[in-house]
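Could you walk me through this structure while I have it open in a viewer? I would like to know what to select next and what is there.

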Amino acid sequence: MAWIRHFPRVDAAACLPLAALLVIAAADLCLPNGGSVIGLLIGVPALAGLRQSSARFVAATGAATLATLGLLELSMVADERLRFAAVVAGVLGTTAVTAVATRRRERSDHERADLRAITDAMRRAVLRPAPRRTGGVRTGVRYFADAVEAGLGGDLYAVMETAYGVRVIVGDVRGKGLAALEQAADVLGAFRELAHNEPTLTGVALRLDGFLARRGGAEDFVTALLVQIPPDGADAELVNCGHPPPLLLSLDGASTFVDALPPAPPLGLVAVAGDACPSGPLPLPPCGGHLLLYTDGVTESRDAAGRFYPLAERAAALVHPDPDVLLDALEADLRAHVGGRPEDDAALLVLDFDPVPSAYALGGDPAPAHRGTDDLAHEPADGR
């Protein structure tokens, strides 16, 4: 039966105009003298535009329709010229309009595909692939591009090994489109610089806040989670700036949100609100467990009934020792929940802890001296 795999597949949509021609021809032949349904042929070329067809296919359908008309009603050429001419004009008009519309759709599809390719390349340049292992931390990432904004969104993440341990950021820029992607690139660039130079995680958050306050608009802000895991894998630290709390997962199916920290404003609004970015201890999951960071595009995804995606419940049910297996299962489950791709961009980042001495802990590069990064210094918003 191997020949079946090589047998050409039949496109049902492509066969629809042919089926319509056959039905109309059969009906016209079966009608008693004086009855005719050839006027229905005017709509046949429009059926060719229902599929992702080319203008050539539409033109071929129009030609086949005219041929069918000629075969069925040769007598009309002499007896009912006006009626025959009207049907011919209708078929030609429908063919022309459908062909033009199909050609425009083809161009639009190509432009959309080009735009998707360009924006995907831009996003990959901003959101570099997370390494599978950074220091003593294994990582796994899944990013869901926005279904409406051609893949342009403001979700961001980065995992870096520094002299202070592994530092992680997961955030979500307010807004969508090119402006959000540009701001996400700015935040990631600033974080990559500060992660190596700022000794405290709170200091990183405060200087990011000053950076955004000067560069962003009055209503621009970024929700963010900052995590620091020391080289010995103990006493991890968390700073939450208006972002959904991380989720601790253990292999026995338990899931717990880490939300004990007092609320802090998003980055870009800390100085305006007169608050600080307090840090707190981050309990690490037991052996084989995971820390799941995410953006609100995951938890705010809705199904057909309007129900939000129950991340904690589904992650606990799908937990697996391998982060990639867990992420694959969550991705498939989220897509099934929303019936396709999420309408908002979303990101999932899994941290799996395995205390292994990093290059810094083994006597590598010492902590770098503070370089002049005046453009990243923390300043109040009104000091712009």
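Which strands does helix H11 lie across? Select residues 311-318 to bring up helix H11. The helix lies across E7, E8 and strand E10, residues 290-294, and runs at about 20° to E7. Keep in mind along the way that this is a predicted model.

**The sheet**

Next, colour the strands. They form an open sheet of 6 strands in the order E1-E2-E11-E10-E7-E8, with antiparallel pairing. Go to the two edges: strand E1 is at 133-134 and strand E8 at 255-257. Each has a single partner strand, so one side of each is left without a neighbour in the sheet.

Stay with E8 for a moment and add E7, residues 247-249. The two run antiparallel and are joined by 3 bridges. To look at a bridge pair, pick Leu247 and find its partner in E8, Phe257.

**A second helix**

Now select residues 323-338, which is helix H12. Helix H12 lies across strand E2 (137-144), E7, E10 and strand E11 (346-353), at about 20° to E2. Leave H12 and E2 on display, and turn on side chains.

**Salt bridges**

The structure holds 10 salt bridges. Start with Arg132 and Asp324, whose side chains meet at 2.8 Å, N to O. Arg132 sits in the loop between helix H6 (81-126) and E1, while Asp324 belongs to helix H12, 192 residues apart.

Is each of these partners buried or exposed? Arg132 counts as exposed because its relative accessibility is 58%. Asp324 counts as buried, at 18% relative accessibility.

Keep Asp324 selected and add Arg142, which also forms a salt bridge with Asp324, the closest N and O atoms being 4.0 Å apart. Arg142 lies in strand E2 and Asp324 in helix H12, so this pair ties together parts that are 182 residues apart in sequence. Both Arg142 and Asp324 are buried.

From Arg142, move on to Glu331: these two form a salt bridge with their closest N and O atoms 3.6 Å apart. Here again strand E2 is linked to helix H12, with Arg142 and Glu331 189 residues apart. Arg142 has 16% relative accessibility and therefore counts as buried, whereas Glu331 is partly exposed at 22%.

For the last stop, select Arg132, Arg142, Asp324, Asp328, Glu331 and Arg335 together. What links these six residues? They are joined in a network of salt bridges.

Key:
Residues are numbered from 1 along each chain as its sequence is written. This is a predicted model: local features need pLDDT of at least 70, side-chain atom pairs count only at pLDDT 80 or more; totals for chains, interfaces and linings use all residues. Side-chain values use heavy atoms; hydrogens and water are left out. Two strands pair if DSSP finds at least two bridges between them. Helices (H or I, at least four residues) and strands (E, at least two) are DSSP runs, numbered from the N terminus. Contact means heavy atoms within 4.5 Å. Axes are lines fitted to C-alpha atoms, for helices over the stretch in contact, and angles run from 0 to 180 degrees between N-to-C directions. Buried means under 20% relative accessible area, exposed over 50%, partly exposed in between (1.4 Å probe, protein chains only).
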